[in-house]
Amino acid sequence: MHVDDNAGTLSVDDGGGSLTIDGTLTAITNVVHVDDNAGTLSVDDGGGALTVDNAGTFAVQAAQSGNWPVRIQDGSGNAVTSAARGSERAVSVQIVDGSGAQITAFGGSGGTASNFGSADPATGTAVGFSDGSNMREARVFDADSGAGAQYVLGAILRRAASGGSVEAGTSSDPLRVDPTGTTAQPVSDGGGSLTVDGTVAATQSGNWSTRLLDGSGNAITSAVRGSERAATVQIVDASGAQVTSFGGSPAAGATSIAKAEDVASADADVGVPAMAVRKATPANTSGTDGDYEFLQISAGRLWASAVIDSALPAGSNAIGKLAANSGVNIGDVGFASQGFHAAVAKTRPNDTAAYAANDVIGTATGSTAAWQFASMGPSGGLIRLTGATLRIDAAAIISGETSYLLHLYNVTPPSATGDNGAFNGLASGDRASYLGFINLGAPAALGSTLWIETGGILKPIQLAGTDLFGYLVTVGAHTPTAQRVYNIELFSEKV
């Protein structure tokens with residue numbers, strides 16, 4: 001039956017039953033729209049086959065509702081199995097080789113596995129390494145030198161090099177300990193000895209005991225001599241023969257050339273005489289100062305000269321005084337004296353500030369007014385102050401200018417009193433260096449100059465160095481003129 005909708009809609013209803021199509025349903029030119037008319041359209045092949053054109057594909061569109069179970073089948077429709085593995089259910093698979101045969105083992109026959117911490121298995125699979133082309137086994141060696149056995153993997157030391165690693169620790173490329181030299185490495189002889197080529201430097205700690213050996217390694221001996229222990233030495237002559245005596249051989253029958261003090265002499269005594277040359281007038285016989293020469297005698301007496309350079313002892317004896325020539329002048333004795341002298345000038349400040357009694361006179365108020373008299377005697381020596389003068393470059397004596405004192409010190413006074421300051425020479429800081437004072441006296445007007453001269457002082461002074469120091473102090477209060485000039489001159493002699 002050919003059903004044509006004639007460009008319209010043809011409804012086919014199964015009438016509440018089924019619609020059976022006998023035969024083959026072939027393609028038609030126009031589309032037949034089959035509608036169940038809001039009911040159900042059942043298509044039955046009538047016990048035959050229902051052929052669907054459109055390349056054998058019958059598309060069914062469906063929307064999922066809930067979970068759809070899917071079962072896995074192989075290409076032949078056989079169900080794929082699974083098995084429980086612990087808490088999981090795994091799909092069963094098989095691995096086949098290139099020929100399709102199932103692979104049932106891996107790594108060859110006899111392979112075993114062992115967990116960490118478990119005993120080593122009785123059998124195992126060898127581990128191999130490539131030599132670049134072929135597989136090679138590693139070797140182990142027993143490292144237990146005792147009764148037990150401990151096998152360790154053998155190895156060769158290699159180091160990096162251009163083109164690949166090379167063997168290290170060879171005779172041509174030995175291993176070196178800390179080649180950078182940054183860490184000190186202990187070295188032990190292991191109970192034997194160490195041979196060191198070259199020089200070894202060592203830093204001494206404590207006392208080192210050394211033994212004397214000759215060039216052949218023979219030990220040098222020693223012997224106790226009194227409270228000392230002396231090394232034994234021998235003296236040889238130019239031929240290498242040992243010298244066993246000194247000073248020549250004594251004459252026959254002599255037992256010693258040494259003579260004891262206060263022993264009587266005897267004929268044929270053996271000895272070494274001290275020779276002298278007879279000279280009526282002594283004179284040098286050698287050519288240069290420092291050369292050897294003989295002693296000189298005259299009339300059986302040795303020429304000698306004495307210099308008296310110390311004080312004679314106390315007593316009433318006179319040099320060379322004899323009863324026969326009492327009162328005879330046997331020579332004049334002169335005494336050398338060494339004198340010293342220093343002159344210093346100072347100009348007071350450019351002001352007319354009044355001086356009170358016992359004020360210090362100097363060059364400035366803000367610094368020390370001490371006077372320094374250079375080279376008054378030998379360094380640290382004892383001198384005697386013999387005289388002093390004070391010259392003031394002014395024509396008139398100022399009212400109240402009565403007299404002056406010069407206080408002395410062996411160093412610069414530590415008090416450092418300035419001009420117009422009150423003198424306190426015996427302050428605690430000045431006591432150790434204070435030497436006393438000189439009363440210079442009152443000035444005399446001599447035309448355009450004031451002059452004070454003091455002689456016969458004879459004051460002993462112990463110097464600390466070579467210089468003497470002092471403060472010039474006015475006894476009377478007066479008002480000075482500005483920039484007044486004072487000149488002090490001291491004289492001393494060595495005691």
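In this predicted model, strand β13 and strand β14 (residues 295-298) run parallel to each other and are joined by three bridges. One of the residue pairs is easy to find by eye: Val277 has Gln296 in β14 as its bridge partner. The two strands belong to an open sheet of three strands, arranged in the order β13-β14-β15, in which the pairing is mixed. Because β13 (276-278) and β15 (301-302) each have a single partner strand, they stand at the edges, and one side of each is left without a neighbour in the sheet.

Strands also set the tone for the chain as a whole, which contains 25 strands and zero helices. Strand β19 (residues 382-392) offers a good place to look at antiparallel pairing. It pairs with strand β23 (residues 449-462) over ten bridges in the antiparallel sense, and Ile392 finds its bridge partner in Leu450 of β23. Strand β19 is also joined to strand β25 (residues 485-494), again antiparallel, by nine bridges; here Leu390 is partnered by Ile488 of β25.

Turning to the whole chain, 16% of its 495 residues are buried. The chain exposes about 37,400 Å², and carbon and sulfur atoms supply 52% of that area. Among contacts with a separation of 6 or more, 64% are between residues 24 or more positions apart.

On the surface, Ile72, Val80, Val91 and Val93 come together in a nonpolar patch with about 390 Å² of accessible area together. Val93 sits in the loop between β4 (88-91) and β5 (128-130). Its relative accessible area is 75%, so Val93 counts as exposed.

Charged side chains add another layer to the picture, with seven salt bridges counted. In one of them, Arg136 is joined to Asp131, with the closest N and O atoms 2.8 Å apart. Arg136 is partly exposed at 47% relative accessible area, and Asp131 is partly exposed at 43%. Another salt bridge brings together the side chains of Arg159 and Asp173, at 2.5 Å from N to O. Since Arg159 lies in strand β9 (residues 158-159) and Asp173 in the loop between β10 (166-167) and β11 (222-225), this pair ties together parts that are 14 residues apart in sequence. Arg159 is partly exposed, with 40% relative accessibility.

Asp393 and Arg391 also meet through their side chains in a salt bridge, at 2.9 Å from N to O. Asp393 has a relative accessible area of 36% and is partly exposed, and Arg391 is partly exposed at 33%. Finally, Arg348, Asp351 and Asp419 are linked in a network of salt bridges.

How values were computed: Residues numbered from 1 in each chain as written. Predicted model: local features only at pLDDT ≥ 70, side-chain atom pairs only at ≥ 80, totals over all residues. Heavy atoms only, no water. Pairing = 2+ DSSP bridges. Helix = DSSP H or I, 4+ residues; strand = E, 2+ residues; numbered from the N terminus. Buried < 20%, exposed > 50% of the residue type's maximum accessible area, 1.4 Å probe, protein only. Contact = heavy atoms within 4.5 Å. Areas by Shrake-Rupley, 256 points an atom, 1.4 Å probe, with all protein chains shown as cover. Patch = residues over 30% accessible without salt bridge, like charges linked within 9 Å, V, L, I, M, F, W, Y side chains within 5 Å. Salt bridge = Lys/Arg side-chain N within 4 Å of Asp/Glu carboxyl O.
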